[in-house]
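Trainee: Got a minute? I'd like to walk through this one with you.
Mentor: Sure, put it up.

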Amino acid sequence: MTENLVRTPELRSIGIVDVKFGENVIVVEPVNLYGCVIGDGTFVGPFVEIQRGAVIGKRCRIQSHTFICDRVTIGDDCFISHGAMFINDAFVGGRPAGGNHDLWRPTKIGNHVSIGTNATVLPVTICDHVAIGAGAVVTKDITAPGIYAGNPARLLRCVAVSN
């Protein structure tokens, strides 16, 4: 017979801890930001988590419900839409890293990159001037400016970049 016991859980608070902020950063709480770097003029919406070791560039917009994990670097003038997720565990060896940070892989996002709502970005490098469609899953490096969408993300259209 199972007893109906009332138990008290361990409570942990979210908040902002050990973050290096640039000038004119706007953060809408509640957020969970810790051990990260956020560049000048960047906006961080509510319900965002940015973990230790992540670096966000200047003039970026990080929309609500986004998760940016350790080892993610986002360039300047980027837009990360609602619910975008970044993954640092590539399941090296065919299974989760199980807390072994040596198995985590970095993600580097270039400048002028837009990542659509609910996109998932695995450990990859994305060059400058790229748009990732809503719901896309980015599994491989993106080396040419353009518009990408799908699962896995594929090039839909190249874009001309002017200096």
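**Strands, surface and cysteines**

Trainee: How many helices and strands does the protein have?
Mentor: Zero helices and 21 strands. Keep in mind that this is a predicted model.

Trainee: What does the C-alpha trace span?
Mentor: About 65 × 40 × 30 Å along its principal axes.

Trainee: And how many residues, with what share buried?
Mentor: The protein has 163 residues, and 38% of them count as buried.

Trainee: What about contacts across the sequence?
Mentor: Take contacts between residues at least 6 apart in sequence. Of those, 15% join residues at least 24 apart.

Trainee: Switching to the surface. How much area is exposed, and what do carbon and sulfur supply?
Mentor: The protein exposes about 9500 Å². Carbon and sulfur atoms supply 53% of that.

Trainee: And charges: how many positive, how many negative?
Mentor: There are 14 positive and 14 negative charges. Their mean positions lie 7 Å apart.

Trainee: Now cysteines. How many disulfides?
Mentor: The count comes to zero, with sulfur pairs needing to be within 2.5 Å.

Trainee: Which cysteine sulfur is nearest to that of Cys-78?
Mentor: That of Cys-60, at 4.6 Å. Cys-78 is in no disulfide.

Trainee: Is Cys-78 buried or exposed?
Mentor: Buried, because its relative accessibility is 2%, and the buried cut-off is under 20%.

Trainee: Why is there no bond for Cys-127?
Mentor: Because the closest cysteine sulfur, in Cys-158, is 10 Å from the sulfur of Cys-127, too far for a bond.

Trainee: Buried or exposed, that Cys-127?
Mentor: Cys-127 counts as buried too, at 18% relative accessibility.

Key:
Residues numbered from 1 in each chain as written. Predicted model: local features only at pLDDT ≥ 70, side-chain atom pairs only at ≥ 80, totals over all residues. Heavy atoms only, no water. Helix = DSSP H or I, 4+ residues; strand = E, 2+ residues; numbered from the N terminus. Buried < 20%, exposed > 50% of the residue type's maximum accessible area, 1.4 Å probe, protein only. Contact = heavy atoms within 4.5 Å. Areas by Shrake-Rupley, 256 points an atom, 1.4 Å probe, with all protein chains shown as cover. Lys, Arg positive; Asp, Glu negative; His and termini not counted. Charge placed at Lys NZ, Arg CZ, Asp CG, Glu CD.
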